Amino acid sequence: MSELGTLLKKNVREYGMYIALAVIMAVFTILSHGVFLSSRNIVNLLNQTGYMAVLAVGMTLVIVIRHIDLSVGFLSGFLGAIAAVALTQWNWSVGVTIVFVMGLGIVAGLLTALPVASLGVPAFVASLAGWLIYRGALMLVTASTGTIIVPNEAFNALGNGYVPDIFASDMFLPGLHKTTLVIGLIAIIIYIISQILDRRRKMQYKFEVLSSGLFVAQLIFVSVILGFITWILAGYNGLSWTIVIMLGVVLIYNFVTQRTVLGRHIYAVGGNPEAAELSGINVKKITMIVFASSGLMAAVSGILFTARLKSATPQAGQLGEMDAIAAAYIGGVSAAGGVGSVMGSLIGAIVYMSLMNGMNLLGTDISLQYIIRGLVLLVAVIFDVTTRKRAA
Amino acid sequence: MSDNILEMRHITKTFPGVRALNDVNFEVRRGEIHCLVGENGAGKSTLMKVLSGVYPHSEFEGEIILNGKKVEFKNIHDSEDAGIGIIYQELALVPDMTVYENIMLGHEITRGMTIDVQEMIKRSTELLKRVRLSINPTSKVKDLGIGKRQLVEIAKALSRNVQLLILDEPTAALNEDDCQNLLEILRELKTQGVTSIMISHKLKEVLSIADTITVLRDGQTICTLDRQKDVVNEQVLIKHMVGRSIENIYPPKKSKPFKDVILEVKNWNAIDLKTGRKVLNNVNFKVYKGEVVGLSGLVGSGRTELARSLFGNPDGYQVSGDIIFKGKKQRFGHPRDAIRAGLAYATEDRKGNGLVLIKSIQENISLANLQKVSRNGVINEELDKQTAMNFVDSLSIKTPGIHQLVMNLSGGNQQKVSVAKWLFVEPDVLIFDEPTRGIDVGAKYEIYTIINDLVSKGMSIVMISSELPEILGMSDRIYVVANGTITGELDGKSATQEVIMQLATQY
């Protein structure tokens with residue numbers, strides 16, 4: 001038990017977030033008499049989270065290197081509108097449109113980063129300029145037509161569609177999405193195998209590993225959770241494309257930040273820019289890359305949002321940057337730099353969206369909703385700061 | 001009958017692993033100019049920080065008696081209220097505010113709810129007159145030269161009815177005229193009853209102004225000399241400042257003749273574009289393969305600037321001259337280029353810009369050479385860990401594991417992590433800036449052993465150090481830096497502390 005105890009103590013910040021999410025979900029489930037945890041609502045909740053989660057992922061790295069990007073909200077709105085125009089007025093194919101919009105997102109991120117990296121303009125100001133510019137650009141694009149309706153079904157599926165059930169059957173487990181079950185099962189198997197391989201490799205190098213009892217307990221615990229999520233998703237329409245894209249983005253970013261040279265460099269720049277520079281890391285280049293990634297995530301977010309609404313509106317993306325910043329902070333990123341994970345920000349986004357979703361279910365007044373969201377953000381950050389102090 | 005304004009008795013102040021002050025006694029008579037001299041690290045600044053309340057009463061042993069009364073300062077405000085004013089090397093003025101705003105900062109004169117600008121300007125003008133500075137009090141501090149800023153700083157102290165003025169190397173950054181002017185003003189303040197304590201490295205100026213001189217060495221009072229009673233000259237002071245024999249704290253090393261020049265720097269100049277100051281002036285030196293070259297000099301002499309300007313010039317100085325490295329003329333535009341070519345620089349400030357404190361030992365060690373533990377940009381986690389564990393073993397870094405955050409290590413172990421990081425890039429030349437600053441004697445010995453081991457394997461080490469015994473004990477050859485240029489080259493075996501001190505205080 002003492003091993004479990006030290007494990008908990010060491011990772012109190014990380015586990016705290018998961019526990020908070022579980023508590024929030026339990027409270028809403030009880031208050032809504034089970035509606036909150038229904039398959040339909042959970043799928044809906046994750047679909048709502050999608051466009052915000054990808055923004056939060058991009059924002060996380062920006063905050064890790066001690067900057068901020070206020071431009072991403074309206075940038076995502078603007079890029080979503082460009083996608084709508086490309087599809088409806090230029091008659092571009094869905095593939096070309098998506099690649100083009102993502103390219104624009106990267107360019108926009110680089111433009112924000114340029115004065116920051118080369119002249120030392122504060123990112124707050126540089127991206128505030130972007131906030132104004134893209135807001136204007138969004139109004140300009142939608143000025144002549146107002147809301148642009150996108151009738152393209154393939155495109156809209158990104159925001160509303162589901163992975164088709166190739167194993168559909170009325171005989172076996174009726175009412176469940178079989179493909180989703182299969183994917184979930186595969187994910188669990190991959191998880192278990194990779195953990196076992198990882199443990200074996202560590203033992204080969206004689207590194208410290210969990211005791212075998214605790215290791216098995218961990219495998220079972222995570223597998224059960226994965227299985228439970230799969231079961232809930234399969235109970236409605238299964239995996240939506242939005243969830244697939246969101247998970248894909250998080251997995252890729254998680255890999256890049258945890259396993260690659262680029263990831264190490266980003267965290268080193270955040271932890272101590274001067275030391276990073278003197279270690280031969282090009283801080284300017286890292287800054288450009290991180291803002292470009294933020295722009296790219298704004299593009300993905302814009303595409304998801306436009307597809308979800310099946311239209312581009314002049315208000316799209318409004319306050320998106322603030323939601324992303326809140327999600328990142330709830331997820332444990334530190335403004336002092338060098339601390340914060342992509343996975344954390346995903347959980348932060350889900351926590352944040354659970355609050356909105358749950359309070360909507362309960363019919364909470366919108367004014368009260370904002371106040372509660374603010375308090376939760378504050379509590380999360382206070383928890384973060386105090387646990388970090390104790391650890392140091 | 002002596003009338004002492006200040007007596008500090010049995011002051012002992014320790015930092016983790018270091019005893020900075022050891023039972024120091026220090027007395028200052030009313031109305032005198034008292035100079036405090038000693039090598040870098042002798043404890044002068046620490047003593048003044050104890051006096052001015054930077055280190056609160058609870059953090060040191062001993063007592064302070066001011067005007068015959070025992071005082072216990074909790075912070076700087078307490079000491080200010082008691083009539084002590086301290087002027088630091090780095091000036092504490094707000095550049096974008098005006099002169100009068102700076103002088104009255106924190107003690108603004110008000111009329112009712114509002115600030116009385118007219119009265120403040122009037123008061124400031126009087127104070128500026130006392131330091132003989134004829135400038136408009138409404139001009140901005142950033143438009144003043146460094147010499148004038150120093151005087152504004154003194155005026156600010158005077159505005160608080162200071163009785164005891166402490167100046168920490170006030171003339172270090174000043175030119176000759178400003179120096180003379182400052183000394184003149186200190187003499188004048190003396191006639192007005194202000195007592196001054198001045199820390200200085202410039203012995204000539206100390207001799208020209210001091211009534212009494214106290215020498216500190218290794219955190220202890222060595223002697224207090226009265227100009228009227230004792231014979232005091234530069235030689236006497238230098239002898240007291242360095243007068244310790246080099247004990248057996250340096251591991252023995254095999255000395256062999258050096259043949260191949262690996263690094264040669266010719267006519268090297270650097271100008272700091274932000275201030276327009278020439279930080280390096282026509283520097284020439286060379287390093288042989290397998291050699292330890294000592295770069296000696298006082299703080300601010302340009303040693304670190306020299307190292308950084310060679311190592312990819314991260315400060316963006318305007319540089320000119322030649323670097324001949326491994327037989328080729330080279331210029332490094334970024335630290336990365338220098339590292340790739342085989343030149344490494346371990347910084348003097350390992351916490352500030354050397355290590356990423358919030359990251360683990362493992363992440364810090366491989367940071368400068370991640371290519372070596374990765375393929376196609378993906379890090380091989382096992383190889384990375386193995387690397388860190390090997391260094392932890394070979395350098396005996398004391399830690400519960402390689403995942404330990406660097407900020408939780410002791411100074412000596414942090415320094416070893418820094419060493420490991422630079423060994424991992426396998427440089428030909430390692431510039432090692434203050435390798436033993438702030439670490440205890442045992443860890444020092446280990447660092448020295450590592451250095452000797454490295455040079456025996458063919459690496460060259462340029463060791464920058466403020467500690468003369470260390471320079472003498474470790475170096476094969478020594479260059480002395482003063483005022484941005486090299487003032488002498490000495491053989492490591494025949495050099496003495498006195499000679500180095502003389503070259504280092506040459507202006």
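Select helix 5 of chain B, residues 146-159, in this predicted model. At 1.5 Å a residue, its 14 residues should span 20 Å, and the C-alpha atoms at its ends are indeed 20 Å apart, so the expected and modelled lengths agree. Colour the helix by burial next: ten of the 14 residues of helix 5 of chain B are buried, so this helix is largely enclosed by the rest of the structure. The buried residues are Gln150(B), Leu151(B), Val152(B), Glu153(B), Ile154(B), Ala155(B), Lys156(B), Ala157(B), Leu158(B) and Ser159(B). To see what covers them, display the elements of chain B that include strand 6 (84-87), helix 3 (99-103), helix 4 (117-130), strand 9 (164-168) and helix 6 (176-191).

Step just past the end of helix 5 of chain B to Asn161(B), where phi is positive, at about 50°. Most residues other than glycine have a negative phi. Continue along chain B to Glu169(B), in the loop between strand 9 and helix 6, where phi is again positive for a residue other than glycine, near 45°. Is Glu169(B) buried or exposed? With 20 other C-beta atoms within 10 Å, Glu169(B) is buried, since 20 or more such atoms is the criterion for burial.

Now move to chain A and select Arg66(A), in the loop between helix 3 and helix 4 (72-88) of chain A. Arg66(A) is not a glycine, yet its phi is positive, at about 70°. Because 17 other C-beta atoms lie within 10 Å, Arg66(A) is partly exposed.

From that loop, go back into helix 3 (residues 39-64) of chain A and pick out Val54(A). Val54(A) has 33 C-beta neighbours inside 10 Å and therefore counts as buried. Which residues does Val54(A) contact, leaving aside its neighbours within four places in sequence? They are Met246(A), Val249(A), Met297(A), Val300(A) and Ser301(A). If you draw a distance from Val54(A) to Val249(A), the C-alpha atoms are separated by 7.1 Å, although the two residues are 195 residues apart along the chain.

Ser301(A) is also a useful handle for the next stop, as it is one of the residues through which helix 13 of chain A contacts helix 4 of chain A. Select both helices, taking residues 283-309 for helix 13: they pack at an angle of about 55°, with their axes 7 Å apart, which makes helix 4 of chain A oblique to helix 13 of chain A. The crossing of these two helices is right-handed. On the side of helix 4 of chain A, the contact is made by Val72(A), Leu75(A), Ser76(A), Gly77(A), Leu79(A), Gly80(A), Ala83(A) and Ala84(A), and helix 13 of chain A answers with residues including Gly295(A), Ala298(A), Gly302(A) and Phe305(A). By class, the residues of this contact divide into nine nonpolar, eight polar and no charged.

For another helix pair, select helix 8 (residues 178-204) and helix 9 (residues 212-234) of chain A, whose axes are 9 Å apart and meet at an angle of about 165°. Helix 8 and helix 9 of chain A are therefore roughly antiparallel to each other, and their crossing is right-handed. Among the contacting residues, show Gly184(A), Ile188(A), Tyr191(A) and Arg199(A) of helix 8 together with Phe215(A), Val222(A), Leu226(A) and Gly227(A) of helix 9 of chain A. This contact of helix 8 with helix 9 of chain A has eleven nonpolar, six polar and one charged residues.

Finish where the two chains meet, in a contact that takes 22 residues from chain A and 27 residues from chain B. Helix 11 (261-271) and helix 12 (273-278) of chain A are the elements that give two or more residues to the side of chain A that touches chain B, and helix 11 of chain A gives the most, with six residues. By class, that side of chain A has ten nonpolar, seven polar and five charged residues.

From chain B, select Val356(B), in the loop between helix 11 (350-354) and helix 12 (361-365) of chain B. Val356(B) is buried, because 27 other C-beta atoms lie within 10 Å. What does Val356(B) touch, not counting residues up to four places away in sequence? In chain A, Val356(B) touches Ala268(A), Gly271(A), Asn272(A), Ala275(A) and Gly338(A), and in chain B, Glu363(B), Asn364(B) and Leu367(B). As a last distance, the C-alpha atoms of Val356(B) and Met407(B), 51 residues apart along the chain, are separated by 8.3 Å.

Note on methods. Residues numbered from 1 in each chain as written. Chains lettered and ligands numbered in written order. Predicted model: local features only at pLDDT ≥ 70, side-chain atom pairs only at ≥ 80, totals over all residues. Axes fitted to C-alpha atoms, helices over the stretch in contact; angles between N-to-C directions. Helix = DSSP H or I, 4+ residues; strand = E, 2+ residues; numbered from the N terminus. Parallel < 35°, antiparallel > 145°, perpendicular 65-115°, else oblique. Left-handed = near helix turned anticlockwise from the far one by under 90°. Contact = placed C-beta atoms within 7 Å. Nonpolar A, V, L, I, M, F, W, Y, C, P; charged D, E, K, R; others polar. Expected span 1.5 Å × (residues − 1). Buried ≥ 20, exposed ≤ 12 C-beta atoms within 10 Å, placed from the backbone.
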